[in-house]
Amino acid sequence: MGRFHRHADGTVHSHSHDHDHDHDDGHDHDHPHDHRDVGDHSGYATGVERVEVLEAILGENDRVAAANRAELAGHGVRTVNLMSSPGAGKTSLLRRTIPALAGRLRVGILEGDIATSIDADALTDLGAAVSLVNTADGFGGECHLDAVMVRSGLTRLPLADLDLLVIENVGNLVCPAEFDVGQDTRAMVYAITEGEEKPLKYPVMFRTADVVVVNKLDLLPHLDFDLDGFRANLAAVNPTATVIELSARTGDGLDRWLDWLTSVATG
Ligand SMILES: Nc1nc2c(ncn2[C@@H]2O[C@H](COP(=O)(O)OP(=O)(O)OP(=O)(O)O)[C@@H](O)[C@H]2O)c(=O)[nH]1
Ligand SMILES: [Mg+2]
């Protein structure tokens with residue numbers, strides 16, 4: 001379906017959409033890439049070309065994401081895209097999660113990092129199959145995983161033997177939220193050391209998350225963090241998110257996270 005739109009530089013052109021953007025993961029995405037409205041390009045001499053290139057890239061991503069989703073579903077694997085800013089605690093949470101789910105779910109990890117196998121190594125030998133994707137290794141060192149990168153990592157996982165795949169995305173509070181990688185659901189880890197205003201400043205990540213894990217609760221007595229203020233800020237941008245407060249360090253609150261993952265895998 002074509003859609004005309006006018007840029008601030010006065011150019012008008014149409015977009016040819018070969019599919020709608022109600023994603024299979026149930027998200028009503030309302031950030032720019034889903035509407036293919038990639039902003040005011042009037043300051044660029046190549047404004048129209050930029051829009052068309054961006055649309056081509058994002059359209060390609062969504063096609064590969066759909067293929068990933070179909071392949072995972074074909075193997076009966078449910079997939080969580082786990083995102084956060086650097087250091088919020090994704091790997092720490094997974095180090096507790098994998099052994100705790102042993103005997104309950106067969107878990108695979110697709111580990112996304114710009115460089116190094118530090119996190120992939122930390123998650124090895126815990127009972128999960130681990131596939132590492134370094135974005136600096138052929139993918140331009142991107143600050144997020146896209147669907148093509150995830151596709152390359154899937155080829156190294158025994159999908160037929162998995163119930164649940166957790167994709168640890170690159171640590172970044174902005175870019176990962178803008179790319180559908182073929183997940184069924186999106187979870188983010190937020191650490192209370194980041195400040196209570198973050199949902200307001202980085203709304204796309206918080207808005208597109210189905211679950212917000214509030215981590216490092218063990219540090220609460222040592223911080224001047226306003227937990228109620230954070231909850232209100234999160235509710236302002238995403239009133240329906242499931243909020244799970246825990247400490248990956250102590251394990252307090254982990255059960256609700258494990259139950260949520262189990263419901264994703266068996267639901
Ligand atoms: N006190 C405390 N520290 C934590 C907790 N969870 C993680 N950390 C620490 O926070 C630091 C970063 O944790 P990681 O698990 O590496 O965070 P990450 O989100 O995987 O980081 P990137 O992959 O680099 O984005 C480490 O020093 C962890 O030990 C927690 O619940 N409490
Ligand atoms: Mg990590």
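Q: If two residues are in contact when their C-beta atoms, placed from the backbone, lie within 7 Å, what share of the contacts between residues at least 6 apart in sequence join residues at least 24 apart?
A: This is a predicted model, in which local features need pLDDT of at least 70 and side-chain atom pairs count only at pLDDT 80 or more, while totals for chains, interfaces and linings use all residues. Residues are numbered from 1 along each chain as its sequence is written, and chains are lettered from A and ligands numbered from 1 in the order in which they are written. Among contacts between residues at least 6 apart, the share that joins residues at least 24 apart is 73%.

Q: In what order do the strands of the open sheet of 7 strands lie?
A: Helices (H or I, at least four residues) and strands (E, at least two) are DSSP runs, numbered from the N terminus, and the chain has 9 of each. Two strands pair if DSSP finds at least two bridges between them. In this open sheet the pairing is parallel and the order is 5-4-6-3-7-8-9.

Q: By what angle are neighbouring strands of this sheet turned against each other on average?
A: Strand 5 (129-134) and strand 9 (242-245) stand at the edges with a single partner strand each, so one side of each is left without a neighbour in the sheet. Axes are lines fitted to C-alpha atoms, for helices over the stretch in contact, and angles run from 0 to 180 degrees between N-to-C directions. With direction ignored, the average turn between neighbouring strands of this sheet is 20°.

Q: Is Thr 116 buried or exposed?
A: Thr 116 lies in the loop between strand 4 (107-113) and helix 4 (118-122), and its phi is near 80°, a positive value in a residue other than glycine. A residue is buried if 20 or more other C-beta atoms, placed from the backbone, lie within 10 Å of its own, exposed if 12 or fewer do, and partly exposed in between. Because Thr 116 has 11 other C-beta atoms within 10 Å, Thr 116 is exposed.

Q: Is Lys 216 buried or exposed?
A: Lys 216 is found in the loop between strand 8 (211-215) and helix 8 (227-237), and its phi, near 70°, is a positive value in a residue other than glycine. Because Lys 216 has 25 C-beta neighbours inside 10 Å, Lys 216 counts as buried.

Q: Which helix gives the most residues to the shell around ligand 1?
A: The shell around ligand 1 comprises 17 residues, the closest being Gly 89, Thr 91, Ser 92, Gly 171 and Arg 249, where a residue is near a molecule if its C-beta atom, placed from the backbone, lies within 6 Å of it. With 3 residues, the helix that gives the most is helix 3.
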